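Could you walk me through one corner of this structure in my viewer? I would like to know what to select next and what I will find there.

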Amino acid sequence: MTNESVGENVGQNANQNPALERTLPSVPAPKSMDAIMSLCKRRGFIFQASDIYGGLNGFWDYGPLGAQLKKNLRDAWWQDMILNPCWGKKGPNGERVQCVPVETRIIQHPRAWQASGHVGGFNDPMVDCKETKNRYRYDHVKVYVPASGEPGDKPLFAFVPGTASEAKQLKKAEKAFGKADVVALTTILVERFAKVLGPDAEKVGSLTEPKQFNLMFKTYVGATAGEDDIAYLRPETAQGVFLQFKNVVDSTRVRMPFGIGNTGTSFRNEVTPRNFTFRSREFDQMELEFFCHPSESMDWFNFWREFRMKWWESIGLAGENLRLYDTPKKDLAHYSLAGSDVEYRFPFTSPDFGELEGVAHRGNYDLTQHQEHSKIKLEYFDQDRGELLPNGSKRGEKYLPHCIEPAAGLDRGVLAILCEGYTRDESRPSPEFLKLNPRVAPIKAAIFPLVNKDGMPEVADKLYEEIFARFGRTGFIETDAKQSIGKRYARMDEAGCPYCFTIDGETLTNQTVTVRDRDTGVQSRIGMDKVTAFMTEKLG
Ligand code: GAP
């Protein structure tokens, strides 16, 4: 991602509406976000932060099921990026990929943010509406213009894609000049803003000139809280890695090429937080900075962009809702050599896609910046390079490594998983359910005695202990003896629990239980002694 586009980049490529720029296949009607959000609240996945005080715009909390789902996704990232990077696959150098973690603080030295370009540079141009006092990202606003000819004295109708202004302004534009085309506000000369009707305005000419807006939250460190004590909440986890690059190299046995991963909370004072958790003001990231020799950097870039796409597929986002979008050269930051985004078709971006993860080739920009600002040498001495010496060793080479950065949003990942999993099937007794990949599902299994008597609860308890001992670290194992069995299944379906095991009369005679598959509702019988093996096969 570029500094210019930090924040998110749904529909912000270039100066045009990406929906026009890219060819999008016709897609089924998007799922209802209202229904998804309502299920999330009802079943304890996601709540508005400070709900009892009316909520706080741009901040979201996770309930019991959401917190576990989010942990499972982060754990999956950690497992596949740090502990066993790329599932043990060899990289383009023919060797196993090597990565280590760091955990860095939210508040860093303020000079670090000057070096990274976030202070001063971490700005998004904004336009204000003098009439409604609304503020918009300049590069997010689109305008309906006549499909042919000049508008004459007719207004130009501005809107923000994905909001109510889109349809409202289209209606007005079609009334004013028949067929309308869409252009970006950035393509309209500021001198012509007097003719633009703002997205939510009643009168033309209310939009101001674009202004820079810093997205970093400010705070004070220390008791005096003066100008000299100003610090910033990090807007990305990536910079913590660059700041500790030298310490990691000096304190571990990592050798080029290698990655340093960092996960945690970032903050951006987004001007228009919206679309549920998609654009929040506080969110978690999972970032890897992968360092390599400049000559190998394009190979590693291609390797990572492909792996990251496969990884999201493995988590359950496979299909036509997921795609890899290569950033056009003209949209890359000045230091960036290449960039691709893993994008998901969220219900609110459909038929377009929204960014889930950016894979960026950052060259040696960050290490160069921090080297200059800190005056500490950050070059790497590579013993495996340089000419061969008579003693059989290499002379070595000193260089500033290039960096490939797969930067994923954890909250966006959770949101994509919930949107993908949400399913409505009117033919089922309880039509709503969540098809969650068992690896991330917060409840791994449920064990039900068919009735709360006849020795069934005791058998259920025994099976619970067994399953808990093996899978209890990866999620909840539920047991429930109340309500009808149909209602209990429906509750588990809504929570995305992949398997329910039921103890019934037959269990007491032949030691078998029923196993019910969430997605098909089909039940089969297996021996009680085979349940752990069954779960191991399904969950890994
Ligand atoms: N270090 C590079 C960087 O931070 P980014 O594309 O700005 O790049 C990486 O952020 C990921 O973080 C995005 O792909 C997105 O998933 C997530 N992200 C960014 N801004 C966000 C926001 N306001 N709310 C939720 N997630 C966000």
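The tour below goes through a predicted model, moving from a strand to its partners and then to a helix.

Start by selecting residues 512-517, which make up strand 26. This strand is mostly covered, with five of its six residues buried.

Next, add residues 499-503, and you have strand 25. Strands 25 and 26 are antiparallel partners, paired over four bridges. To see how they line up, show Tyr 499 and look across to Asp 517 in strand 26, which stands opposite.

Now bring in residues 523-527, strand 27. This strand also runs antiparallel to strand 26, and five bridges join the two. Pick out Gly 527 here: Thr 512 is its bridge partner. Then follow the chain through the turn, since strands 26 and 27 form a hairpin with five residues between them. Stop at Gly 521 in that turn, where phi is positive, about 75°.

From the strands, move on to residues 531-539, which are helix 14. Colour Val 531, Thr 532, Phe 534, Met 535 and Leu 539, the buried residues of this helix. Turn the view to look down the axis of helix 14: the buried residues fall within an arc of 160°, so they line one face.

What do the buried residues of helix 14 pack against? Select strand 23 (443-449) and helix 11 (456-471) alongside strands 25, 26 and 27, and you have their packing partners on screen.

Your last stop is Gly 540, which follows helix 14 and has a positive phi near 85°.

Conventions. Residues are numbered from 1 along each chain as its sequence is written. This is a predicted model: local features need pLDDT of at least 70, side-chain atom pairs count only at pLDDT 80 or more; totals for chains, interfaces and linings use all residues. Side-chain values use heavy atoms; hydrogens and water are left out. Buried means under 20% relative accessible area, exposed over 50%, partly exposed in between (1.4 Å probe, protein chains only). Two strands pair if DSSP finds at least two bridges between them. The arc is that of the directions from the helix axis to the C-beta atoms. Contact means heavy atoms within 4.5 Å.
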